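Student: I should like to learn how to read the features of a structural model. Could you guide me through one?

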Amino acid sequence: MTHIFALLVTLLLVLPAAGQAAGEGSYGYPIPGSYAATIMGTPEQLRIEKPKNLSMKELVLDVYPERKKPDLFFYDDGLVCNFAYQKKKAPLAFLIAGTGSDHNSDKLQYMTYGLYKAGYHVITLSSPTHSNFIVSASKECVPGDLTADAADLYKVMEKAWETVKDDIEVSDFFLAGYSLGGTQAAYVAKLDDERKTFNFRKVVMVNPAVNLYESVQRIEALLDGIPGGPRKLGVFFNRMLDKFTEFYKAGDFIDINNQFLYAVYKAGLVSEDEAGGIIALSFRIGSAGMIFTSDVMTNSGYVVPKNRVLQASDSLADYFRVSVRLSYLDYFEEYFLPYMQKKRPGLTREQLKAELSLKHIEGYLKGNPKFAAMLNENDFIIDDADRAYLKQLFGERSKVYPRGGHLGNLEYRQNMVDMVDFLTILEDKGGAK
Amino acid sequence: MNKPGSILMGFLLIIALAAQLSGCATTMANLPPEEPAMHTVAEFADDEKMLFVDDPWIGFNKRMYTFNFYADKYVILPVVRGYEFITPEFAQDGVSNFFNNIGEIKTFYNALLQAKGMKTLNALGRFVTNSTIGIGGLFDVATHMGMQRQPEDFGQTLGVWGVGSGPYVVLPVLGPNTARSTTGLVVDTGARIAMMNAIDPFGNVDNGSTIEAGVTTLEFIDARHQQKFQYYKSHYPFEYFMVRYLYKQQREFAIMK
């Protein structure tokens, strides 16, 4: 998925030249705008570099050997993970991807580079919202419940550890995740405190959501800024593409590459509203996969007629058209909430919303020296109250960067150094607190 | 995936096999009756389609897409991975550079046919530089000297002269194409065979045809080695549409330049 996403975002890439404010303090991440940083990430020359000696292979975990997978997903042999291994005794870090992303997402790759350079073994996990996870590793195939997703993740980690433990020597276990994966990491750590398979020494959350429902609301709201609103997603996409094509035609570009992207950025081709729309759209493209996959797995009749058996050769065009136009909020109201209520009679909507939050396990997290959080001042999936909350929750083990949007600065060299520091150096400091 | 070459000829057998395979259809029996879904496409008729590409042969294409997945999984990728395992990385790069350099000939005549002076000169410059300083094409020194690789093929030439792309088609093994790019592939392959016959590089060698077959095989392996895409690797259920759209878009962009 990563590459297709990257390509798609690349194709769409259009950025607002947001206000020039870079250079405050000593933080060198250059892109001031929140949306611009989110879309562009870190300029190539400032990213953490791939270690030269990286030894990595894929693990394919058959988590539910008895599961009969629908014919449509014939290509799914199990949950795919990346496994980067050191040739000596070393700590092992598990990494959890953000919404809709897989084990091989760019962000997880950069985190792997940072940790591998610092001498860690690394295993990367797809998000429980990713199709491969839903089909192969999700117990109930209905992602969104932090407690259930954490249990699924934990089972996968145990399976992965089972698979590799004879091949590597491990000193300690660590855990990190970005975005939704960061929020999930907290729940996984809590579960680990009960089950004690890993006894995670440290857990780092990079740009986590505090309350999932509210974060989703903020992302969905970005579509209100496009002409005609969320109902005109297709019109918006096509218009962006036209604009982009014109720019490409007129310019002296050889390829659709970073140089081109930067030119688009410099030209200020697209408004702030449009940049927000692009972010929400790429989010929707991810959620479309989640909604459709979950529906097929559970035969719920949400976007695919109940009892219809799809084959690999069937066109899924109409399902795509529908799924991409449903928001996470639709998913919550029409699919997830009824499902949870069936499971737990008496559960109210407000109760469920409140449960999808770090605040729900606040007692566990507060002052817990195990946790650290990396935040951005202009990350739009949380608000200032959330930022203040996280700062108060983790104290000196939280770090707030002045810019970076949502995850834009994750692969920035300094951030990766800080992440590794959080896991290792701060250990004593955190313990003393 | 759509790297042409004399390889095309070698896959007639696979095409025949694929045609057979595409004949099977699963029949379903004894299922409870269908019930309509909560959301249907009719609700969203007021919006334009997204990522839309006309695809009249979608039934065939999706079967080929699946066929290619299996061909990759059980035949092609194991061979490519074996090659990557036994060959040192610098040698792999040398092989890629070598075949890319031969590809400059194709770029050269197509750029010429498109009346693109700079591109024609660039291809010529790259070929001459890499063939000499780059020791027969093993090293891509031209790129370091500022001559970027800008591949052209006959499909693009047709596009430049206003020939429409025709329907999208997923070819066995070669993957995403259009009717136009497939025509281009055939023409470029024909040109290649004609040139090889004229030059006959292995004519004076014993077992020349065996060597030629070996070189062709290596070229095919290298082409797959250079191609990072893998069918269904994204696990995204709508990958087919993404790939189709991105392929078409990328071709349109290539033709613009």
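Tutor: We shall take the chains, their strands and helices, and then some single residues in turn.

Student: Before we begin, what kind of model is this, and how are its parts numbered?

Tutor: This is a predicted model, in which local features need pLDDT of at least 70 and side-chain atom pairs count only at pLDDT 80 or more, while totals for chains, interfaces and linings use all residues. Residues are numbered from 1 along each chain as its sequence is written, and chains are lettered from A and ligands numbered from 1 in the order in which they are written.

Student: How does one describe the overall form of chain A, and what is its radius of gyration?

Tutor: The radius of gyration is taken over C-alpha atoms, and the globule rule is 2.2 Å times the number of residues to the power 0.38. For 433 residues a compact globule would have a value near 22 Å, and chain A agrees, with 21 Å. Along the principal axes, the C-alpha atoms of chain A fill a box of roughly 60 × 55 × 45 Å.

Student: Which helices and strands are counted, and how many does chain A have?

Tutor: Helices (H or I, at least four residues) and strands (E, at least two) are DSSP runs, numbered from the N terminus. Chain A has 17 helices and eight strands.

Student: What share of chain A is buried?

Tutor: A residue is buried if 20 or more other C-beta atoms lie within 10 Å of its own, exposed if 12 or fewer, and partly exposed in between, with C-beta atoms placed from the backbone. By that rule, 51% of the 433 residues of chain A count as buried.

Student: How many residues does each chain bring to the contact between chain A and chain B?

Tutor: Two residues are in contact if their C-beta atoms, placed from the backbone, lie within 7 Å. Chain A brings 50 residues and chain B brings 41 residues. On the side of chain A that touches chain B, α8(A) gives the most, with seven residues. To sort residues by class, Ala, Val, Leu, Ile, Met, Phe, Trp, Tyr, Cys and Pro count as nonpolar, Asp, Glu, Lys and Arg as charged, and the others, Gly among them, as polar. That side of chain A has 26 nonpolar, 12 polar and 12 charged residues.

Student: Which strands pair with β4(A), and in what sense?

Tutor: Two strands pair if DSSP finds at least two bridges between them. Strand β2 (residues 79–84) of chain A pairs with β4(A) in the antiparallel sense over three bridges, and there A84(A) stands opposite V122(A). β3(A) pairs with β4(A) in the parallel sense over five bridges, and L95(A) stands opposite T124(A).

Student: Why is β4(A) said to be largely enclosed?

Tutor: Five of the five residues of β4(A), residues 121–125, are buried, so this strand is largely enclosed by the rest of the structure. H121(A), I123(A) and L125(A) lie on one side, with V122(A) and T124(A) on the other, and both faces are covered.

Student: Where does the pairing continue from β3(A)?

Tutor: Strand β3 (residues 90–96) of chain A runs parallel to strand β5 (residues 170–178) of chain A, and six bridges join them. In β5(A), G177(A) is the bridge partner of I96(A). β5(A) in turn pairs in the parallel sense with strand β6 (residues 202–206) of chain A over five bridges, where A176(A) has V204(A) as its bridge partner.

Student: How is the length of a helix such as α5(B) judged?

Tutor: The expected span of a helix is 1.5 Å times one less than its number of residues. Helix α5 (residues 117–132) of chain B has 16 residues and reaches 22 Å from its first C-alpha to its last, close to the 22 Å expected. Its buried residues, including A123(B) and F127(B), pack against α4 (89–113) and α6 (141–144) of chain B.

Student: Which residues other than glycine have a positive phi here?

Tutor: Most residues other than glycine have a negative phi. N199(A) has a positive phi of about 50 degrees, and phi of V173(B) is near 65 degrees.

Student: Are these two residues buried or exposed?

Tutor: N199(A), in the loop between α6 (180–195) and β6 of chain A, counts as exposed because it has 12 C-beta neighbours inside 10 Å. V173(B), in the loop between β1 (168–171) and β2 (175–178) of chain B, is buried, with 21 other C-beta atoms within 10 Å.
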